[in-house]
Amino acid sequence: EDKESPLRVCLDLESGETTNVELKLSDSMANIYLELATVLTAGLDGIMRNLVLRPSSDEVQQSPPLPTSLPESIECFQKNALLRAVMGDDLATNYVALRSAEAELASKSTLEEEVINAYNQA
């Protein structure tokens, strides 16, 4: 089994039957509704376009890297017409504006200031 895969279908070792699905790209800060909508959209898009799943990590050199910063994530989202279409123009535009403002604020703060600000808002 490819336990390093960000999204995987788990199989029972004895029967080979599907037991559950694991999503490892998530954290507690994610909006669960947007997250599930994007995962389901990507899956349905793959089915509709007859895309082939990537091989397990044992058979492939390296997957393309995920974004490593909020600005990079925003840029990737803006380039993804499918996800923007699923969210709709208003939500996608507002989401980008909010996250861009958040990234700008974070770029002007130290980690200590971010923690104190988050604590004060909690």
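In which helix does Thr41 lie? Thr41 belongs to helix H1, residues 32–48, where helices (H or I, at least four residues) and strands (E, at least two) are DSSP runs numbered from the N terminus. The model is a predicted one, in which local features need pLDDT of at least 70 and side-chain atom pairs count only at pLDDT 80 or more, while totals for chains, interfaces and linings use all residues. Residues are numbered from 1 along each chain as its sequence is written, and side-chain values use heavy atoms, with hydrogens and water left out.

Thr41 is buried, at a relative accessible area of 13%; buried means under 20%, exposed over 50%, and partly exposed in between (1.4 Å probe, protein chains only). Leaving aside residues up to four places away in sequence, Thr41 touches Leu82, Leu83 and Val86, a contact being heavy atoms within 4.5 Å.

Leu83 also takes part in the largest nonpolar core, alongside Ile74, Phe77, Met87, Ala92, Val96 and Ala103, seven residues in total. Such a core is a set of buried Ala, Val, Leu, Ile, Met, Phe, Trp, Tyr and Cys residues joined through side-chain atoms within 4.5 Å. Helices H2 (70–79), H3 (81–87) and H4 (89–107) each supply at least two residues of this core, and H4 gives the most, with three. Ala103 touches Leu70, Pro71 and Ile74, again not counting residues up to four places away in sequence.

Turning to the strands, E1 and E2 pair in the antiparallel sense over five bridges; pairing requires that DSSP finds at least two bridges between two strands. Six residues separate E1 and E2 in this hairpin, and Gly16 in the turn has a positive phi of about 75°. Across the pair, Val9 stands opposite Val21 and Cys10 opposite Asn20. Arg8 and Cys10 make up the covered face of E1, whereas Leu7, Val9 and Leu11 form the uncovered one.

What makes up the nonpolar surface patch of about 620 Å²? Its residues are Leu7, Val9, Leu11, Val21, Leu23, Leu25 and Leu66. Strands E1 (7–11) and E2 (18–23) each supply at least two residues of the patch, and E1 provides the largest share, three residues. Patch residues have over 30% relative accessible area and no salt bridge, with like charges joined within 9 Å and nonpolar side chains (Val, Leu, Ile, Met, Phe, Trp, Tyr) within 5 Å. A salt bridge is a side-chain nitrogen of Lys or Arg within 4 Å of a carboxyl oxygen of Asp or Glu. Accessible areas come from the Shrake-Rupley method with a 1.4 Å probe; for residues, only the protein chains shown count as cover. Leu11, in strand E1, is partly exposed, with a relative accessible area of 40%.
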